[in-house]
Amino acid sequence: MTVLEARGLTKRYGRDSALVRAVDEIDLAVPAGQKLAVMGPSGCGKSTLLHLLGGLQEPSDGEVWLAGRRIDTLSERALARLRRDTIGFVFQSFHLMDELTAVENVELAALLAGRSPRTARRRALHLLDQVGLADRAGHLPAQLSGGQRQRVAVARALTNEPLIVLADEPTGNLDSAATLEVLRLFEELDTTLIVVTHDTRISAIADRMITMRDGAFADDTRLAGAVRAVRAVQS
Amino acid sequence: MTGRLVLLGRLLVRDLRRRKVENILLLIAIAAASGSLTLGIALNGIATQPFTETKTATAGPDVTVRPLEPTPAARAAVAELVKTPGVTGHSGPYPLAFKTMTVHGKTVHAVVEGRDRAPAPVDQPAITDGTWVRPGGVVVERAFAEAMGVRTGDTVRVGDRALPVIGTAVSTAFMAYPHAGWHEPGRIEGDHGGLVWVDRGDLGAVAAGQPLSYILNLTFAHPPTGITFPHDVFDVDTPINVTTWAFIKQENGRLLADAQYAMMIGTFLLTFLALAGVLGIVAGRVIAQRRRVGLLKAVGAGPGIIALSNLVEYLVIALAGAGAGLAGGWLLAPVLTRPGASMIGSVGVPLPTRGTVIAATVLALAIAGLATLVPVIRAATTSTIHALADAAAPPRRRGWRVWLSRRLPTPLLIGVRINARRPRRARLVTMNTLITTTGLVAVVTAWAHDPTLSSIGDPTIPDPRNARLHEVLILLVVALGTLALINTAVSTWTAVLDARQPLAVARTLGATPAQAALGLAVAQLLPALPGAALGLWFGYRMAVDDDAPTQSYFPMIATTVGVVLAVAVLTAVPALLAARRPVAETLRSAPT
């Protein structure tokens, strides 16, 4: 079953001679449970594509369908509700609240969704336990390593049990060890995942890898388990 | 050394050019405070000059003496006082009657003095319109005439006699209207009343059998300088009332006491409001200048140069603000310091004295210094790497607020947490609202005071103190409102900038734009509420005497609610704009 679908998705900036097609008529269908890696050089439109798929940016043309519902025409309010209930985001910069502890950061999404503080806290602690940070629940982001911060961000993305997790360069600010921690976490996810990254090590956990160039797909590869293992070793 | 000065000069010029709006706001804030101080000083000096001019023009007495008993014997005893050693001139004793004057359907108390047509050597009232007394006519003291709407040519009833008004005049032998010293015959305590003069020959008919009192005007070789006069100077057995010119001048000045008090309080409030405003602007600017601090340090600038490069700009703006305030105060001063109708001459528009210039400049520099010193020192002592990274100071954690906000609806949750990040800014909002509400509630309360004289005989006669007070209050409302507006706008905009990233994150987690905007507005409103509540209380206490009759609370509460609503509206607009900003854009530009 297709969870996320894009049809003729386009994002243009500027006009006339300054026109830039950041995303150029992309068609994409992501089945449930798939782990999709979108790769490509800087400025090829990866992040813009992710933002369009997550409803963070409005496309210039085309359609985005999530769980059978067209989302590119939704109001900001409806999009917010959609993000709250069905999408989890993970960013390169973590975007954790500096003044909140790890558990408070994780439960934030649940609180915004209207869950009771007790339920939100229980869920947050459970997720922190899953990402191996149960003993860091009361720490502030400044007291955590980069990898730990990103794991907190992943836990936060999973708080409301989303249909899909969108990750924008999740390992871009991490060292090797931390990158492996995060990749392992992604591998264990049983939800649909789209990761935009430069990091070829992502191939170790991806079922499918798309390469982008100049706003369009240059390559779309389905990875079998063996291929994944080989690529992981190579990278 | 020269190189450093050139560098400082270049940075100063560039900063002044680049941040025009902020500089103008700083200038307005500082100018408002120093301008109100200039006006306050001008208003305090107002009573002296016109009185002195009027006393000279009317050959006013140094001392007046009245017997307390209206008997011929007392009059004779008082008349003997002209022989007192040191007395250089006298006029009178003139007969006085305490009657009423009726005009335009209003009957009010009038002190009626019987005078001769010939000029007197002491206390010769200066005619401001018409002529001096003659049989069958009445001259009305000018302030009294203005208050009653009387003009030369009108007919008034003094006691039971209808008399044409043949002129208006001013004098310093009596206190200015409405304190001419009227009292019921046989009673000592006085009521409000005005002064009129009739021909001495007419006074008996006007008095209509009422026992007459007397007033003797004296000048001395060495006039008393104090408001009291040593009674043992006079060798007399009759109980007498002695009034010095200094006492009359002081009492005349009390007509402006309410306006002076309002201006003093206003200056105080405006200074604090300016301080809050400058603090808010400076805090935002120092954050923005962090990267430049890092660059300067990286190329070898020491903490001294860093501090100076930030401080000198504010000091220059403060000096400009002091100049603007002095000029504004000087231009506005004639409106507030013109002499009342009971005096002649004018205070003119003298240039501010050296003391005023120093006071206004010190105030402006103090505001700039107090507001900038801590952030400037902090910028100077921050590490080069930290400054180069352009990292804002990390928000502080307020655990109990985070815990509390978990139980609140989303907009409140967002609002409480935004405030918890920057408690100092929230305190500035509280301070701003507190001062604004205090000032406005005090103004509204003072404005609502009984505007009439309580004991002049007619309950509809306006109290002359109110006219000048109302002018001062209008001025204060404009100044307070302007500064409060600036402060709220600056504070809201700073909050919007600071909350961009957390709001964007909240929106990726599912907060709607409306919830984000409402949260931001709540962040400003929450600290404004205690400020408004405290301001209501302070403003009320400031403007109401304990023994004053209870007033309606409605205007004060309406003012307070109005301040809160104004904050809400001023906050809602930038909050809505901020909530419309694309999330992806904010997250991309946010620091890692």
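Which residue of β9(B) does B:V63 stand opposite? In this predicted model, the partner across from B:V63 is B:L218, and this pair makes a convenient way into the strands of chain B. Strand β1 of chain B, residues 63–67, pairs with β9(B) in the antiparallel sense, over three bridges. Strand β2 of chain B, residues 87–103, also pairs with β9(B) in the antiparallel sense, here over seven bridges. B:L218 appears once more in this second pairing, as the bridge partner of B:H90. Strand β9 itself spans residues 213–220 of chain B, and seven of its eight residues are buried, so the strand is largely enclosed by the rest of the structure.

Chain A offers a sheet of its own. Four of its strands form an open sheet in the order β2-β1-β4-β5, with antiparallel pairing. The edges are held by β2 (20–31) and β5 (69–70) of chain A, each of which pairs on one side only. Within this sheet, strand β1 of chain A (residues 2–13) runs antiparallel to strand β4 of chain A (residues 61–66), and five bridges join the two. One of the pairs can be picked out by eye: A:L4 has A:L66 of β4(A) as its bridge partner. As a general reminder, strands of a sheet pair through backbone hydrogen bonds, either parallel or antiparallel.

Returning to chain B, the helices deserve a look as well. Helix α16 (residues 465–508) and helix α17 (residues 513–543) of chain B pack with their axes 10 Å apart, at an angle of about 140 degrees. The two helices α16(B) and α17(B) are therefore oblique to each other, and α16(B) passes α17(B) in a right-handed crossing. On the α16(B) side, the contact is made by B:S491, B:T492, B:A495, B:V496, B:A499, B:L503, B:A506 and B:R507, while α17(B) brings B:A516, B:L520, B:A523 and B:Q524. Sorted by class, this helix contact has eight nonpolar, three polar and one charged residues.

The same two helices lead on to the contact between the chains, which takes 28 residues from chain B and 27 residues from chain A. On the side of chain B that touches chain A, at least two residues each come from α14 (410–421), α16, α17 and α19 (583–589) of chain B. Of the contributors to this side, α16(B) gives the most, with five residues. The class make-up of the side of chain B that touches chain A is 17 nonpolar, five polar and six charged residues.

How values were computed: Residues numbered from 1 in each chain as written. Chains lettered and ligands numbered in written order. Predicted model: local features only at pLDDT ≥ 70, side-chain atom pairs only at ≥ 80, totals over all residues. Axes fitted to C-alpha atoms, helices over the stretch in contact; angles between N-to-C directions. Parallel < 35°, antiparallel > 145°, perpendicular 65-115°, else oblique. Left-handed = near helix turned anticlockwise from the far one by under 90°. Contact = placed C-beta atoms within 7 Å. Nonpolar A, V, L, I, M, F, W, Y, C, P; charged D, E, K, R; others polar. Pairing = 2+ DSSP bridges. Buried ≥ 20, exposed ≤ 12 C-beta atoms within 10 Å, placed from the backbone.
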